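User: I should like to learn how to read the features of a protein model, one at a time. May we work through an example together?

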Amino acid sequence: MTLASIPNPDLVISPIENSAHWNLANYRRQGFHNLHTIASYVTSLRSPRVLPFRKDIDWTIGERPDVARFLSVPHFSGFVVARDDRILYEAYASDFGPNRPHAIMSITKMALNIMLGRCVAEGLLDLDRPVKDYLPEIGTGFGEATVRAVADMNVANEDGDATWFAMEAATGWRSPPDDGTELTIRSIICGITGDNLVNRTGHLIYNNGNPEVIGWIVERVSKRSLRNWLIEIVEASGLEGSYHIACDREGVPEFGGGASLSARDLARFGLLLARGGMGIDGRRVADAAFIEETRRNPGPSWPQPREGLYYSRFTTTNGTWIGHGGSGGTYLLANPDTGIAVVYMAVFENESGDSADFWQPLISMMAELASAESLSPARSAFSGT
């Protein structure tokens, strides 16, 4: 007897919105809070040693009108302000909490800044060489572009929504193609085409094939698996919970937006960047000079309404702080000048999963907090665990 099957209900694609069931407006909040259990293929990593947080609450943070506004909106999930090993302020929605994973979407890309910087510092790659020098098998969509242009989202090719939908299928975020095709991340990016790759728009061209290309280059030149790189970052950050990241059937992590972790652990990762790459127990996992160059030598600008912000090596920067947003309303911002990291987690429950007028005031609020030297002054040295 043959037992019949049906598509996984969470992954079924809506014919109207072209989104998986978990990502529809009515179900997205639950989906973002549980994506690490919904996706078909997920790698989970945990650190054997933890950066212990202690509360050193500055109540003036919560009294700020701009903070109060963002903590009261219906889409809010979690908020953390941290420095050294201290939580200066945190708040959570009634259906969320400090130890629950949350999809961070495109904030996942920031891990590539650490990997890329190390490869550059160790002389393993040159940002100004074309991608094809490192990946001869890559297609026309990236081959002639420089590594720098790819990392800065400064490439004009045919990468777009179709690529992202294919990535979702490859990582089990949506039902696979009906024809039985087994998609993989690297087969998808090799299939992206392009002619003249020079960006003439005057601002960044944001696409999700770019991080997968850089991840592949990092793995190729370092002769280390991306999983091994992630273990190093997770352990240097001293994450308490698990770092979950979607991957394809070959085990390749999806750096375009596949990670989920708690608000506190996202803050721990942000603090790693705020300390110039210095992790717990004196582990230096990132190159401080590369992080400094990232914020001081930005790439193309964001279009309105994010004027004054630039994209640089898989981070957004204004020349002082570095950060990144994630689809749905989540943002991480780290300031190396003050050592402060700020995390805001949210889930838009509208059809698009976005709100254009939301980001600029949120980023401004977070940047002001991260720049405030008066917030529980930093200790003379960070000791870790």
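User: Let us begin with the strands. Which residue is the bridge partner of Phe79 in strand 4?

Analyst: Please note at the outset that this model is predicted. The bridge partner of Phe79 in strand 4 is Ala91. That pair belongs to a wider pattern: strand 3 (residues 76-83) and strand 4 run antiparallel and are joined by six bridges.

User: What do strand 3 and strand 4 form, and how many residues lie between them?

Analyst: Strand 3 and strand 4 form a hairpin, with two residues between them. In the turn, Asp84 has a positive phi of about 55°.

User: In which sense do strand 2 and strand 4 pair?

Analyst: Strand 2 (residues 54-55) pairs with strand 4 in the parallel sense, over two bridges. For Arg54, the bridge partner in strand 4 is Arg86. Strand 4 thus pairs in the parallel sense with strand 2 and runs antiparallel to strand 3.

User: How many of the seven residues of strand 4 are buried?

Analyst: A general idea comes first. In a regular strand, the side chains alternate between the two faces of the sheet. In the present case, six of the seven residues of strand 4 (residues 86-92) are buried, so this strand is largely enclosed by the rest of the structure.

User: Now I should like to turn to helices. Which residues of helix 11 are buried?

Analyst: The general idea is that an α-helix has 3.6 residues a turn, so residues three or four places apart point the same way. In helix 11 (residues 288-296), the buried residues are Phe290, Ile291, Thr294 and Arg295. Viewed down the axis of helix 11, these buried residues fall within an arc of 130°, so they line one face of the helix.

User: Against which elements do the buried residues of helix 11 pack?

Analyst: They pack against helices and strands alike: helix 4 (110-121) and helix 10 (263-274), together with strand 9 (316-317), strand 10 and strand 11 (330-335).

User: How should one describe a single residue? Is Arg148, for example, buried, partly exposed or exposed?

Analyst: One may ask where the residue lies, how accessible it is and what it touches. Arg148 lies in helix 5 (residues 147-151). Its relative accessibility is 30%; since buried means under 20% and exposed over 50%, Arg148 counts as partly exposed. Leaving aside neighbours within four places in sequence, Arg148 is in contact with Leu127, Asp128 and Arg313. As for distance, Arg148 and Ile245 are 97 residues apart along the chain, and their C-alpha atoms are separated by 25 Å.

User: Ile245 leads me to the empty spaces inside the model. How many cavities of 30 Å³ or more are there?

Analyst: The count comes to three cavities of 30 Å³ or more. Ile245 helps to line the second largest cavity, as do, among others, Leu35, His36, Trp173 and His244. About 40 Å³ of space lies in this second largest cavity. Strand 6 (243-246) gives the largest share of its lining, three residues. The lining divides into seven nonpolar, four polar and no charged residues.

User: How much space lies in the largest cavity, and which helix gives the most to its lining?

Analyst: The largest cavity holds about 100 Å³ of space. Helix 9 gives the most to its lining, with three residues. Among the lining residues are Ile104, Ile233, Val234, Leu266 and Phe269. By class, the lining has ten nonpolar, two polar and no charged residues.

User: Finally, what is the volume of the largest pocket, and which residues are closest to its centre?

Analyst: The largest pocket has a volume of about 1000 Å³. Of the 37 residues that line it, Tyr206, Asn208, Ser327, Ser352 and Asp354 are the closest to its centre. Helix 6 (161-170) gives the most to this lining, with four residues. The lining comprises twelve nonpolar, 17 polar and eight charged residues.

User: How does the second largest pocket divide by class of residue?

Analyst: The second largest pocket, with a volume of about 300 Å³, has ten nonpolar, six polar and four charged residues in its lining. Of its 20 lining residues, Ala169, Arg174, Ser175, Pro176 and Pro177 lie nearest the centre.

Terms used: Residues numbered from 1 in each chain as written. Predicted model: local features only at pLDDT ≥ 70, side-chain atom pairs only at ≥ 80, totals over all residues. Heavy atoms only, no water. 1 Å grid on protein atoms, 1.4 Å probe; cavity = no way out; pocket = protein on both sides within 12 Å on 5 of 7 lines; lining within 4 Å. Points joined across faces, edges and corners; volume = space filled by probe spheres on them. Nonpolar A, V, L, I, M, F, W, Y, C, P; charged D, E, K, R; others polar. Buried < 20%, exposed > 50% of the residue type's maximum accessible area, 1.4 Å probe, protein only. Arc of directions from axis to C-beta. Contact = heavy atoms within 4.5 Å. Pairing = 2+ DSSP bridges.
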